[in-house]
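Reader: I've just opened this one and could use a walk through it. Can we take it question by question?

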Number of protein chains: 2
Amino acid sequence: MLMTIPQQADPLILSAANYKRVPKHVGLIPDGNRRWARERGLPVADGYQWGGLKGLQMLQDCQGLGIEEVSIYGFTQDNTKRPKDQRIAFAKACVAFVEAATQFDIAMLVVGDANSPMFPKELQPFSQERQGSGLKVNLLVNYGWEWDLRAAMVSGKKQLHEGLASAQVSRIDMIVRWGGFRRLSGFLPVQSVYADFFVVEDYWPDYEPRQFHEALDWFQTQEPTLGG
Amino acid sequence: MLMTIPQQADPLILSAANYKRVPKHVGLIPDGNRRWARERGLPVADGYQWGGLKGLQMLQDCQGLGIEEVSIYGFTQDNTKRPKDQRIAFAKACVAFVEAATQFDIAMLVVGDANSPMFPKELQPFSQERQGSGLKVNLLVNYGWEWDLRAAMVSGKKQLHEGLASAQVSRIDMIVRWGGFRRLSGFLPVQSVYADFFVVEDYWPDYEPRQFHEALDWFQTQEPTLGG
């Protein structure tokens, strides 16, 4: 299918000036790519491809807001048990996303088990060290919550966070999930403990800044307690 | 203040027959006790006391539904940094809750750091071993997510779950939080990874079966994937 740049029905431009309180670190669960494609009679791969484009748009929105760090669910070790064509499609979409995103002011880190054939070799350098400077982006690729936590068990570190496989990922202030499900699905369990969780009903490939605005607007009304 | 049994405005009786799919294990975050008391000009302690009564009612509702296990946020290590009168009030409410609940068919386990003066001595036996038989109830008392996970780091166990301080608590299917906040606040991070998360706007002392019914009704529409 010939891809065109998605129609921007919504000219909303997100600006930090519109919010009293902008989260420093946003978690993003871009769910619903498959459902989006199926409902349109498109191959699943198209859902992931559009999802990747929307991811780039969202990074730009985060930059405009002065957000410092974004963690994005790419795919998990559990996801790799899906049919091979899907597996190839989402891995490819992650590689394309990283290659495109790093053309901009992005400090990219890929977090996931890189010692596995499921981990795209193109992303190896990003799993060893954060590459570039600017908005910190942590893309979870072949990530597993158990893999992450078990690293802490064998790390010999005293501090839990330092021992995690995702040790370089900081605490998350707000998580936004697209696609309607109200669950974390193993997304960075330690960094997410105090995060405010907002769910958008629309599928991720239908991302519009308006949805992110609604999440930010809601975030204003939340009182951070950090468990106190 | 003289306490009376809360008026039961809502005669709804919850029954498993009304649901195709009843969660085996429900997590409960009974938030809003302080806000409830303040809005009524009552001492904070009254909020916890009413909360405890509503907890007993909810256990009965769970029994009627054939739910097997319920995990309840009592108080956390972070909470113990609050003013002393509050600390005493919520600890007392937890003790009263356990003493009352164990009069019924309940298998009670208290999960939390029992090697601390913040842990009520009356609850020590329940922290060592589950007491009684029937509906499994796990009450988190002086619990901390970091305390829980760090136990796994020093356990020498191979399996993460086995090493947790909360190893006896199983995976949670659905978490319901009262009081409007959409965050987990460190609630059993490992057991919660795949849980569906439902938020009730009302404060916990205003618990009514109708709210639980809405959560269960919503749960019917959720598709469990366990990360797949």
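**A first look around**

Author: Sure, let's start with a cysteine: Cys94(A) is buried, with a relative accessible area of 8%. Keep in mind that this is a predicted model.

Reader: Which cysteine sulfur is nearest to that of Cys94(A), and how far away is it?

Author: Cys94(A) takes part in no disulfide. A disulfide needs two cysteine sulfur atoms within 2.5 Å. The nearest one belongs to Cys62(A), and its distance is 17 Å.

Reader: And over in the other chain, is Cys94(B) buried or exposed?

Author: The cut-off for buried is under 20% relative accessible area. Cys94(B) has 8%, so Cys94(B) counts as buried. Cys94(B) is in no disulfide either, with the sulfur of Cys62(B) nearest at 17 Å. The verdict on Cys94(B), then, is buried.

Reader: How many disulfides are there over all chains?

Author: Those two cysteines can't add any, as Cys94(A) is in no disulfide and neither is Cys94(B). A search of the whole structure settles the matter, and the count is zero.

Reader: Let's move to the strands. Which residue of β4(A) is the bridge partner of Ile72(A)?

Author: Strand β2 of chain A, residues 69–76, runs parallel to β4(A), and seven bridges join them. Strand β4 itself covers residues 135–143 of chain A, and eight of its nine residues are buried. Within β4(A), the partner of Ile72(A) is Leu139(A).

Reader: What stands opposite Leu139(A) in strand β3 of chain A?

Author: Strand β3 covers residues 106–111 of chain A and is joined to β4(A) by six bridges, again in parallel. The residue opposite Leu139(A) is Val110(A).

Reader: Now the two chains together. How much area do chain A and chain B bury between them?

Author: The size of an interface is often given as the accessible area lost when the parts come together. Here 37 residues of chain A are in contact with 37 residues of chain B. Met153(A), Arg182(A) and Arg183(A) supply 23% of the area that chain A buries against chain B, more than any other three residues. With 51% of it on carbon and sulfur atoms, the area buried between the chains is about 3300 Å².

Reader: Which residue of chain B meets Asp196(A) in a salt bridge?

Author: Between chain A and chain B there are two salt bridges, along with 19 residue pairs in polar contact. In one of the salt bridges the N to O distance is 2.7 Å, and the partner of Asp196(A) there is Arg183(B).

Reader: Which element gives the most to the side of chain A that touches chain B?

Author: Both α5 (145–153) and β6 (196–200) of chain A supply at least two residues to that side. The top contributor gives six residues, and that's α5(A).

Reader: One last spot: is Phe212(B) buried or exposed?

Author: Phe212(B) sits in helix α7 of chain B, residues 209–220. Among the residues Phe212(B) touches are Leu14(B), Met58(B), Cys62(B) and Ile67(B). Its relative accessible area is 0%, so Phe212(B) is buried.

Reader: How far apart in space are Phe212(B) and Cys62(B), C-alpha to C-alpha?

Author: Along the sequence they are 150 residues apart. Even so, Phe212(B) touches Cys62(B), and Ile67(B) touches both of them. The C-alpha distance between Phe212(B) and Cys62(B) is 9.5 Å.

Notes. Residues numbered from 1 in each chain as written. Chains lettered and ligands numbered in written order. Predicted model: local features only at pLDDT ≥ 70, side-chain atom pairs only at ≥ 80, totals over all residues. Heavy atoms only, no water. Buried < 20%, exposed > 50% of the residue type's maximum accessible area, 1.4 Å probe, protein only. Helix = DSSP H or I, 4+ residues; strand = E, 2+ residues; numbered from the N terminus. Pairing = 2+ DSSP bridges. Contact = heavy atoms within 4.5 Å. Buried area = accessible area lost by both parts, 1.4 Å probe. Salt bridge = Lys/Arg side-chain N within 4 Å of Asp/Glu carboxyl O. Polar contact = N/O pair within 3.5 Å; in protein donor to acceptor, adjacent residues only side chain to side chain. Lists of a residue's contacts leave out its neighbours within four places in sequence.
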